[in-house]
Amino acid sequence: MSEESTSGPPPPAPPPPAASPWLYAGPLLLLLVLIFLPLVRGTETLILRDVLNAHLPMKWSQAEAMRHGTFPIIDPYRAGGQPLAGNLNAAPFYPDNVLYLLGSTFWAFNVHFWLHLMLAPFAFHWLARSWGLDREPAWAAAACYTVSGFFLSHLNFYNLVAGVALAPALVAACLDLVRHPRRRGLLAPVVAVLWTLLVLGGDPLMGILAFLLAVSGVALTWRQRPASSGGTALALLAAAFAAGTLIALPQIVELLRILPISYRGYQGYDEKVATISSLDPRQAAEWLLPFLFGRPDVIDRGAFWGLQFYTGFPPFYFSLYPGLLTFALIAAAGRPRGRAAAWAWAWIAFGVFFSLGRFNPVAQWLLTWQKSLRYPIKLWLPVAVGASLLCGIGFARLRDGSGAAEGARRRMRWTLLLLGLAFAAFWLFLSAAPRPAEAWMSLFIPRPAEFIANERLRWAGLTFLTVLLLLALGLALGISRRWWRIGGPLLLLLHAGSQLWLLRPLYPMDSVVPYQNPPPALRWVPASVLVVNPDYNYLFGPSQLRQGKFPEPTLRWVERRSFYELFPFSGPLWNLRYELNTAPEGLDAFLSRRAQGAVKGAKTNEERFRLLAAWGVGRVLVDHPLTPPSARSRLLATVPSFGGELYVYEVLDRAPEVFLARRVFHERDIPTAFRRLASPELDPRSDAVLMGKAGPLEETGGGTARFLRVAPEEIEVEAEAGPGGAFLVLQRANLLFLADLDGRPVQVRTANAHHLGVRIPAGRHRVRFWIDRRPLHRALWGAAAGLIGVVGLGWWGTRTARTSGTSGTAGIP
């Protein structure tokens with residue numbers, strides 16, 4: 001017999017020799033640097049959604065206070081002084097806030113975004129390595145995570161981007177701490193610091209999800225630890241999380257101070273609000289074609305139209321498009337064959353199950369029961385993490401030298417082929433049969449025929465580009481079979497480049513210059529008066545902001561107009577204080593939110609202006625003339641603005657900023673108090689309303705009041721009350737303020753439904769309103785103890801490492 005007939009099957013080919021990891025990581029990192037270089041330089045800013053309209057004004061207020069040598073408890077520019085230190089939306093204690101002392105506000109503000117964008121691939125690479133992947137597959141997983149629609153959507157949210165960037169790193173640090181005893185001296189402090197950053201990052205849900213991901217990973221890989229070090233590893237993990245929590249204690253304390261009196265803590269969300277942004281199964285179509293339901297960065301043709309697919313509200317994440325390579329690599333990964341894949345699939349199932357929200361009875365019940373959380377789609381984090389890890393596993397199997405590589409390549413080829421055929425057929429339908437296509441699209445696109453025709457062309461263009469991308473991916477896959485060092489990096493380059501290009505609407509940028517140019521309306525709006533711009537919160541009805549004449553129909557011109565027309569979020573830039581300007585996250589004072597609702601629900605402009613007069617508002621800026629005009633308003637000026645006009649009204653006969661009321665109305669509850677404030681019987685210059693117990697009209701001795709000192713968190717007033725005493729009203733939100741009368745504590749009452757008030761006996765007195773900073777100071781001592789604990793963790797981990805055996809082995813996907 002010949003030698004060939006007796007030697008058996010040939011051994012499997014070895015995997016390709018390892019190339020430099022930068023061949024895989026470099027293209028992604030270089031693309032990120034090139035695209036976001038304007039943010040790094042500080043010449044441009046992100047502008048979509050909450051970036052400028054919610055986060056920037058809070059950070060501007062905080063930066064201003066820090067530059068004056070104080071850490072702010074409240075934001076004096078919003079609704080009479082709303083929470084800042086306790087508002088997670090502002091991430092007030094996050095370490096990179098120190099950058100506001102080193103550079104311009106716009107630059108430091110955008111550092112928070114691009115810094116975490118650049119950290120994300122390294123964090124996920126670490127996670128993939130902790131699950132046992134080689135460097136090249138780990139970078140593939142990192143690329144799939146970083147340029148996914150899920151992650152890039154967080155460039156709209158200052159308070160979320162840190163959580164999604166650092167969550168993979170926390171999981172990796174916990175896995176390595178358990179499995180590698182000799183590195184515990186370093187890893188235990190790292191776990192503590194990462195946990196601190198997740199708590200301070202701005203969203204508790206992201207921190208909780210990261211914690212659960214880490215705990216489940218540790219539990220699943222527990223048997224891989226060195227047998228003699230299990231108890232020590234658990235003790236170190238527990239101590240690390242405890243130390244991290246202590247460091248974050250100032251944030252926790254300030255949150256707990258304001259939570260009981262906030263809208264979210266006092267009332268909470270009903271079922272409808274709690275389940276906004278649930279995952280409608282029909283949204284899955286957008287996973288294949290990005291922005292299928294319209295783009296968020298335009299306001300004309302191609303603008304977002306798909307509210308009916310997103311629970312009737314604009315999407316929380318405008319895109320969850322993962323990229324077509326993601327689907328192909330998950331197919332290449334095949335069935336779960338190890339702990340890493342099992343962990344990934346379990347968390348994908350968990351995330352999809354609970355992201356369904358109102359479309360899943362279990363998730364709906366949980367969200368309705370707790371009343372404090374909303375936006376179920378935020379539970380997509382485990383899906384993104386699990387899917388990206390599977391991409392790394394699939395990439396590893398493509399380069400595997402065994403027979404498994406051929407199976408992985410076959411699955412990937414079929415996936416690309418089927419997707420290509422489906423998209424080619426869809427493109428032919430859109431291009432070759434325009435009338436049937438538009439008739440079909442009109443069934444679910446609630447727009448005119450011209451808009452639908454443009455959507456058909458937009459869809460056809462996206463589909464054609466997708467077909468080309470699939471062909472390029474197929475070509476790169478073929479190249480990788482013979483020349484892995486070329487084909488493998490080429491797959492990642494095509495994926496990263498196409499994702500960053502297709503998903504550009506998620507991170508529109510604009511020059512910072514237009515937002516810092518003083519608007520002409522400032523001439524009629526002095527910093528000494530309270531201001532209301534009702535168009536932002538629709539207080540006087542629908543806004544016409546998007547109906548202006550713009551050089552181009554893009555979001556940046558809408559944002560420029562809003563700053564030009566002095567919308568409330570521009571207030572801190574010009575030292576303007578806006579009444580009724582509450583933030584959307586529900587952590588502002590409950591009564592201030594109710595006051596906003598009272599103006600919105602008023603039946604006439606006359607009632608609205610009576611309410612505003614009672615709260616001391618001096619200017620109203622609106623984009624249309626008031627019809628009919630209010631007797632309490634006087635038109636000061638009209639300012640040309642983008643094809644329309646901005647109308648500047650003065651509120652007449654308004655309440656002073658501080659005064660002694662001559663008459664006090666006693667009302668039973670909040671609704672009756674608002675009705676009294678809007679009634680013609682009330683004179684806002686000398687009357688006040690108290691809630692709690694209905695009673696007869698109270699006549700007081702009246703008197704005079706003047707400011708002695710005004711600071712954001714401490715106000716001193718000299719008051720001289722007539723016989724029988726009087727009731728002092730201060731136009732500040734009743735939130736956290738205490739009061740002293742001649743150095744002695746006095747009860748603070750809620751005046752005029754949401755402002756401050758105190759009883760004043762007859763005679764001359766000094767009243768001091770102040771916010772107690774002692775809870776923050778005590779919490780800072782706790783944070784100091786946590787920092788000392790981190791040092792102790794390093795010593796403890798190093799000491800235990802000396803007595804441990806060899807390092808544990810890495811997990812195998």
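This report describes the confidence, the strands and helices, and the aromatic pairs of one predicted model.

**Confidence along the chain**

The average pLDDT of the chain is 92, and 95% of the residues score at least 70. Among the elements of the chain, the lowest mean pLDDT, 38, belongs to helix H1 (residues 3-6), while helix H7 (residues 149-152) has the highest, 98. Over residues 1-12 the pLDDT is below 50, and this stretch has 3 contacts in the model beyond near neighbours in sequence. For residues 806-813 the pLDDT also stays under 50, although the model has 33 contacts for them beyond four places in sequence. Where pLDDT is low, the predicted coordinates should not be read in detail.

**An open sheet and the helix on it**

An open sheet is formed by 5 strands, which follow one another in the order S6-S5-S7-S9-S8 with mixed pairing. Strand S6 (577-578) and strand S8 (633-641) are the edge strands, since each of them pairs on one side only. Strand S5 (residues 530-532) runs parallel to S6 and is joined to S6 by 2 bridges; Val531 has Tyr578 of S6 as its bridge partner.

Which strands does helix H26 touch where it packs on the sheet? H26 touches S5, strand S7 (617-622), S8 and strand S9 (644-651), and the direction of the helix makes about 140° with that of S7. Helix H26 (residues 605-614) is mostly covered, with 8 of its 10 residues buried; among them are Phe609, Leu611 and Leu612, together with Asn605 and the two arginines Arg608 and Arg610. Just after H26, Gly616 takes a positive phi of about 80°.

**Strand S11 and its partners**

Strand S11 (residues 663-667) is mostly covered as well, with 4 of its 5 residues buried. With helix H27 (residues 670-677) and S12, S11 makes a right-handed β-α-β unit. The table sets out how S11 is joined to two strands.

| Partner of S11 | Bridges | Direction | Residues that pair |
|---|---|---|---|
| S12 (residues 687-691) | 5 bridges | parallel | His666 opposite Leu690 |
| S13 (residues 695-699) | 3 bridges | antiparallel | Val664 with Glu698 |

**Aromatic pairs**

The structure holds 53 aromatic pairs. A pair of aromatic rings is described by the distance of the centres and the angle of the planes. In the pair of Tyr536 and Phe567, the ring centres are 6.5 Å apart and the planes stand at 70°, so this pair is edge-to-face. Tyr536 lies in the loop between S5 and helix H24 (555-564), whereas Phe567 lies in the loop between H24 and S6, so the pair ties together parts that are 31 residues apart in sequence.

Are Tyr536 and Phe567 buried or exposed? Both of these residues are buried, and for Phe567 the reasoning is that its relative accessibility of 2% falls under the 20% cut-off for buried residues. Phe567 also forms an aromatic pair with Phe569, and this one is tilted, with 5.8 Å from centre to centre and 45° between the planes. Phe569 is itself buried, with a relative accessible area of 3%.

Elsewhere in the chain, one aromatic cluster is formed by Phe293, Phe304, Trp305, Phe309, Tyr310, Phe318, Phe426, Phe429, Trp440, Phe444 and Trp459.

Conventions:
Residues are numbered from 1 along each chain as its sequence is written. This is a predicted model: local features need pLDDT of at least 70, side-chain atom pairs count only at pLDDT 80 or more; totals for chains, interfaces and linings use all residues. Side-chain values use heavy atoms; hydrogens and water are left out. Buried means under 20% relative accessible area, exposed over 50%, partly exposed in between (1.4 Å probe, protein chains only). pLDDT is the predictor's confidence in each residue, from 0 to 100. Contact means heavy atoms within 4.5 Å. Two strands pair if DSSP finds at least two bridges between them. Axes are lines fitted to C-alpha atoms, for helices over the stretch in contact, and angles run from 0 to 180 degrees between N-to-C directions. A crossover is right-handed if, with the strands pointing away from the viewer, the path from the first strand over the helix to the second runs clockwise. Rings of Phe, Tyr and Trp (its six-membered ring) pair if their centres lie within 6.5 Å; planes under 30 degrees apart count as stacked, over 60 as edge-to-face and the rest as tilted.
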